[in-house]
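Trainee: I should be grateful for a close look at one part of this model, namely its aromatic pairs and the residues that take part in them. Please then place that part in the context of the rest of the chain.

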Amino acid sequence: MLLRTASHGVTPAVLNLDFLIPRTILYQNISRTIHSASQFHNHIHTRPHEGTPQRFASSSSNPATLSPGAVLNRLDDELGIFDKQALSSLTNAQVEAFNSVIPDLRVAFAQHDIPKVWETWSLLRKRNLLAFFGPAQYDVCSRSVAGFCKRTLAGQLAEENARVLSDIALVCAAGGSTAGLKALMLFTIKEGKPRATLELYDLYLNHLQEKGVLTRKVGRLEAASEEEEMAPLTPSPIRDEILFAAIVAHAQLGSFADALQVYLLAGTRIAPTTLEDFNRILHSNHTLRTTVNLYARRLNTAALLACPPMLMKHLSNLTRDSADMSLERLYTTAIAGIRDADPWVALTPDQLGGERVVLLPYFFWASFLKCFLACRRTDLAERLWDDILGLGVKPDLATWNASLDGYGNMRSLEAVLNLWESMRIQNIKPDALSYRAVISAFFAAGKVDDALQWFQTFEREFPKTGASLEDSGVLTLYNTVLQGLLFVSREEESHELKKKMETNGPKPDIATYNTFLRYYGRKGDLKTMAQVLQQLEPAGVTADVYTFSTLLSAMGKVRPDAGQIVINFMTKQGVVPDTTTLTSVINHQLRECTPRNFKIAMDLLSNMERGEFGDIQPSTITYTSILTAINRGSWLERQVVEETNKRIWDTMQSKDLHPNRATYNVLLRAALKGDEPEGLENAMKYYRDMLRQRVHVGTDTWYILLKGLMDREQWEVAGEVVRDMRQYKATITGSLRTLVDRFRAIVKRNESRGAY
């Protein structure tokens, strides 16, 4: 026996049982084996290691001279791997059982002998040997259950056999191998027994809780506090294929509300590949497959609606990327949730209950209006207003202001004034932000005097509202007027307005002073800039990153030590200069998109690299932000961009700074732009380095790489990349799948033409 021979210092015979047992005594690489196992089951908890794992065979201790108890005690003490049963307590009978029962179990499964399977499994339980299971054992047992299910026809799985398979599958699933449990759940789904599927899911959660890997309370979803909503989510141990099987069961029962409850409580995102896998499995059941796909779309939208901070972030990202099609799909699904025959979205709190399980966030209409207009999709904005009227929703002032702002940013003064008239007709009382949107639109149209007349109207009407001048919306309006006046160089009027603010309110903030600093900085009037800076401390206002960046821009024109001057000013302002702060200043410079600001940013970077600011050194984020800025658009000469890309890459390599995925994406896209031969060489260099550094290659990276190679007509290299996708099990969905399909079609066409 394997463990017995080790106890006598005898070299064991070579057995073809790799799946059998963690060979804790036989091999010198034991630490790696146990550490790998610890990632999958709760009873293994390795201690931190330093350096190379210690070997048990050493010059100071010959294993042949150690007693079995000493060997086992050393294992238990050094690694502490089993908390249910110490290795030192293993009996000869347990050793022999562990060495024999797993092969017996495998044979029993192969022979379809469930009584023998149960007898063998019971022996493992009775002798408490499940505590010694690792990934290999869980995987063998779980796949054996899956294989049994696939060979069993629907309606031919006896209840007693189902209990045996369930017990094995659940233990293995909690240990990280879910093939058996997934197969069992699918079996019950195909048999039309969704409640049996859900019972398996509940038992799965119980097993995870017993192992201590699922610590969240499982029950009805409750409203989270603002702090809880903003807190980062911890990775969920619930596997998405098991979660989705439960969702399919709820789809069979026709209860989207329960499916959503399960989905939100799990905290697990359903991968696109999992949805595709279930679509293939359910191909013969068209009705269920259609319902499941509908549920999947709803669940993604519902999860966002149920977590307002997450929805706000998602909308911001989509708008930043001008992803108007994604915005439209998200909006359409949400509105369908209100209007469908089986509605699941509540417009108001009093509608919550029954199937309506998600409340539409209060900012929904205003946020989507802002996003649609930012993407210049006036058609979607008009559709949103039609939906508001059709649903009988009374738009709040924030929704009206979002429309005013959106059309104002599009420089559509006529649309802004029409909206204002609609507000007046409907007796909607405007606030400071409403006036700000209209006044900003007049300034943008070059009608300064009209803008000032509207501002005077606001000052005349505002006291009647009883609101405070210190309201943030009021201050934003005043700052907008100051900016508009300075834009047309009406300095005297702007200073008069600032004095009025200092005397009567609203009190100027850092944005007020930054407006003047930017104006005088662009004029090169350093003397007046200095006067403005001297006003900060008496006014009780603290400078921000924008202040520092504006100062750097102005000083960079005339002083070679501009960077140090800014650092000194930061210190005087009580701001501790660090990498994050200076990276933000560099970003502000690059947002100007001018060669001069680029030079200022790169000079500051060089100062950091030379250690002129003490220990402040650029980070991976610093370099990535620079790469992103210079490779966006065409505001820099191509040669300058390529030289800077190379300079940053070489610097990161020399400093042993590891690029992240965003860094590689920027470099890959830049290298594959154009048709220079060295571009292809650089791109493949970055790609190989990414694999070597084991940086996760996401769908976005695969798309950038394959698209760039196809644009260059590098079909052979592109083919290698597609093969790599399969090797690394890439998630090929959406636009990447479309691109891969297009690549294959082109290759097939070229081969038929003899192009290769």
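Mentor: The account below begins with the aromatic pairs and then turns to the core, one helix, the loops and the cysteines. The model is a predicted one, and every value quoted here is computed from it.

The structure holds 28 aromatic pairs. One of them joins Phe442 and Trp454, whose ring centres are 5.9 Å apart and whose planes make an angle of 35°, a tilted arrangement. Phe442 belongs to helix H21 and Trp454 to helix H22 (residues 448-461), so this pair ties together parts that are 12 residues apart in sequence. Phe442 counts as buried, because its relative accessibility is 6% and the cut-off for that class is under 20%.

A second pair involves Phe455 and Tyr478, and its geometry is edge-to-face: the centres are separated by 5.0 Å and the planes by 85°. Phe455 lies in helix H22, while Tyr478 lies in helix H23 (residues 472-487), so the contact ties together parts that are 23 residues apart in sequence. Both partners are shielded: Phe455 is buried with a relative accessible area of 6%, and Tyr478 is buried with a relative accessible area of 4%. Helix H22 thus supplies a ring to each of the two pairs, Trp454 to the tilted one and Phe455 to the edge-to-face one.

The tilted pair also belongs to a wider group. Trp420, Tyr435, Phe442, Trp454, Phe458 and Phe462 form one aromatic cluster. Elsewhere, an aromatic ring is met by a charged side chain: Arg298 lies over the face of Phe256, at 5.3 Å from the ring centre.

The nonpolar core offers a broader setting. In soluble globular proteins, nonpolar side chains tend to be buried together. Here the largest nonpolar core has 222 residues, and Tyr201, Tyr204 and Trp365 are those with the most contacts inside it. Once residues up to four places away in sequence are set aside, Tyr201 touches Met185, Ile238, Ile242, Leu243, Ala246, Val262 and Ala266.

Helix H16 (residues 324-339) shows how one helix is covered by other elements. H16 has 16 residues and reaches 22 Å from its first C-alpha to its last, close to the 22 Å expected at 1.5 Å a residue. The buried residues of H16 are Asp324, Leu327, Leu330, Tyr331, Thr333, Ala334, Ile335, Gly337 and Ile338. An α-helix has 3.6 residues a turn, so residues three or four places apart point the same way. The cover over the buried residues of H16 includes helix H14 (286-305), helix H15 (308-320), strand E1 (345-346), helix H17 (364-374) and helix H18 (378-390).

Helix H30 (residues 579-591) contains Thr581, a residue that counts as buried at 13% relative accessibility. Beyond its neighbours within four places in sequence, Thr581 is in contact with Met570 and Val576.

The loops hold several backbone features of interest. Most residues other than glycine have a negative phi, and most peptide bonds are trans. Against that background, Arg411 has a positive phi, near 60°; its place is the loop between helix H19 (397-409) and helix H20 (413-425). Arg411 is exposed, with a relative accessible area of 62%. Asn427 likewise has a positive phi near 60°, and it lies in the loop between H20 and helix H21 (432-444). Asn427 is exposed, with a relative accessible area of 55%. A cis peptide bond, with omega about -5°, joins Gly505 and Pro506, and Pro506 is found in the loop between helix H24 (491-504) and helix H25 (510-523).

Another loop residue, Arg127, sits between helix H5 (114-126) and helix H6 (135-150). Arg127 is partly exposed, with a relative accessible area of 33%. The C-alpha atoms of Arg127 and Phe98 are 9.3 Å apart, although 29 residues separate them along the chain.

The cysteines complete the account. A search of the whole structure finds zero disulfides. Cys149 is buried, with a relative accessible area of 6%, and Cys307 is also buried, with a relative accessible area of 15%.

Methods
Residues numbered from 1 in each chain as written. Predicted model: local features only at pLDDT ≥ 70, side-chain atom pairs only at ≥ 80, totals over all residues. Heavy atoms only, no water. Disulfide = S-S within 2.5 Å. Buried < 20%, exposed > 50% of the residue type's maximum accessible area, 1.4 Å probe, protein only. Helix = DSSP H or I, 4+ residues; strand = E, 2+ residues; numbered from the N terminus. Contact = heavy atoms within 4.5 Å. Core = buried A, V, L, I, M, F, W, Y, C linked by side-chain atoms within 4.5 Å. Expected span 1.5 Å × (residues − 1). Phe/Tyr/Trp six-rings, centres within 6.5 Å; stacked < 30°, edge-to-face > 60°. Lys NZ or Arg CZ within 6 Å of the ring centre and 35° of its normal.
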